[in-house]
Amino acid sequence: MGMATAGGGHCATLVQGVAAYANLKKSAQTLKSAGDPRSTHQIMSDLFVERLTGQASADAVPVEVALMMTPDTLVGTSEQPA
C-alpha cells in the first residue's frame, strides 16, 4: 500500500493544527491502551482518514487515477515515458 501526505495549500491556524494533532494523539493512545496492536502513528493516520472522509477504512474511500500516455506507450511498443 502506498503513502500520502496531506497538503494542497489548505491551511489551518497553528492553534487548530495543534488541537487536531493533540486530539488524534489522545484518541490513538486510548485505543493503544485498550490493546490496539498498531503503532500510535498508524492509529493516528487511520483516525485522520476516518474523520476526514467519514469512511471506516481507507479501502472504502473511492479513488480515481488518471493516466495520460500515447497509445504506443500503453501497449508497450514505445519507450516514450507516459
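"Buried", in what follows, means a relative accessible area under 20%, and "exposed" means over 50%, with partly exposed in between. I ask colleagues to keep that scale in mind, since I shall apply it to three charged residues. The structure above is a predicted model.

Let me begin with Asp-36. This residue sits in the loop that connects helix 1 (14–33) to helix 2 (40–53). Is Asp-36 buried or exposed? Its relative accessible area is 16%, and because the limit for a buried residue is 20%, Asp-36 counts as buried. Leaving aside residues up to four places away in sequence, Asp-36 touches Leu-31 and Ile-43.

I turn now to the charged partners. Side chains of opposite charge can pair when their charged atoms come close. Which residue pairs with Asp-36 in a salt bridge? The partner is Arg-38, with a distance of 2.6 Å from N to O. The side chains of these two residues, Asp-36 and Arg-38, are also joined by a polar contact of 2.6 Å.

Arg-38 has a further partner. A salt bridge links Arg-38 to Asp-46, and here the closest N and O atoms are 2.4 Å apart. The count of salt bridges comes to 2. Asp-36, Arg-38 and Asp-46 are thereby linked in a network of salt bridges.

How accessible are the other two members of this network? Arg-38 is partly exposed, at a relative accessible area of 28%. Asp-46 is likewise partly exposed, with a value of 39%. Both values lie between the limits of 20% and 50%, which is why the intermediate term applies to Arg-38 and Asp-46.

Finally, I should like to consider the two helices on either side of the loop. The axes of helix 1 and helix 2 are 9 Å apart, and the helices pack at an angle of about 120 degrees. Helix 1 is therefore oblique to helix 2. On the helix 1 side, the contact involves Tyr-21, Asn-23, Leu-24, Lys-25, Ser-27, Ala-28, Gln-29, Leu-31 and Lys-32. Helix 2 contributes Thr-40, His-41, Ile-43, Met-44, Leu-47, Phe-48 and Arg-51. The crossing of helix 1 past helix 2 is right-handed.

Two names in that list have already appeared in this talk. Leu-31 of helix 1 and Ile-43 of helix 2 take part in the contact between the helices, and Asp-36 touches both Leu-31 and Ile-43.

Note on methods: Residues are numbered from 1 along each chain as its sequence is written. This is a predicted model: local features need pLDDT of at least 70, side-chain atom pairs count only at pLDDT 80 or more; totals for chains, interfaces and linings use all residues. Side-chain values use heavy atoms; hydrogens and water are left out. A salt bridge is a side-chain nitrogen of Lys or Arg within 4 Å of a carboxyl oxygen of Asp or Glu. Buried means under 20% relative accessible area, exposed over 50%, partly exposed in between (1.4 Å probe, protein chains only). Helices (H or I, at least four residues) and strands (E, at least two) are DSSP runs, numbered from the N terminus. A polar contact is a pair of N or O atoms within 3.5 Å; within protein, one must be able to donate a hydrogen and the other to accept it, and residues adjacent in sequence count only if both atoms are side-chain atoms. Contact means heavy atoms within 4.5 Å. Axes are lines fitted to C-alpha atoms, for helices over the stretch in contact, and angles run from 0 to 180 degrees between N-to-C directions. Angles under 35 degrees count as roughly parallel, over 145 as roughly antiparallel, 65 to 115 as roughly perpendicular and the rest as oblique. A crossing is left-handed if the near helix is turned anticlockwise from the far one by less than a right angle, and right-handed if clockwise.
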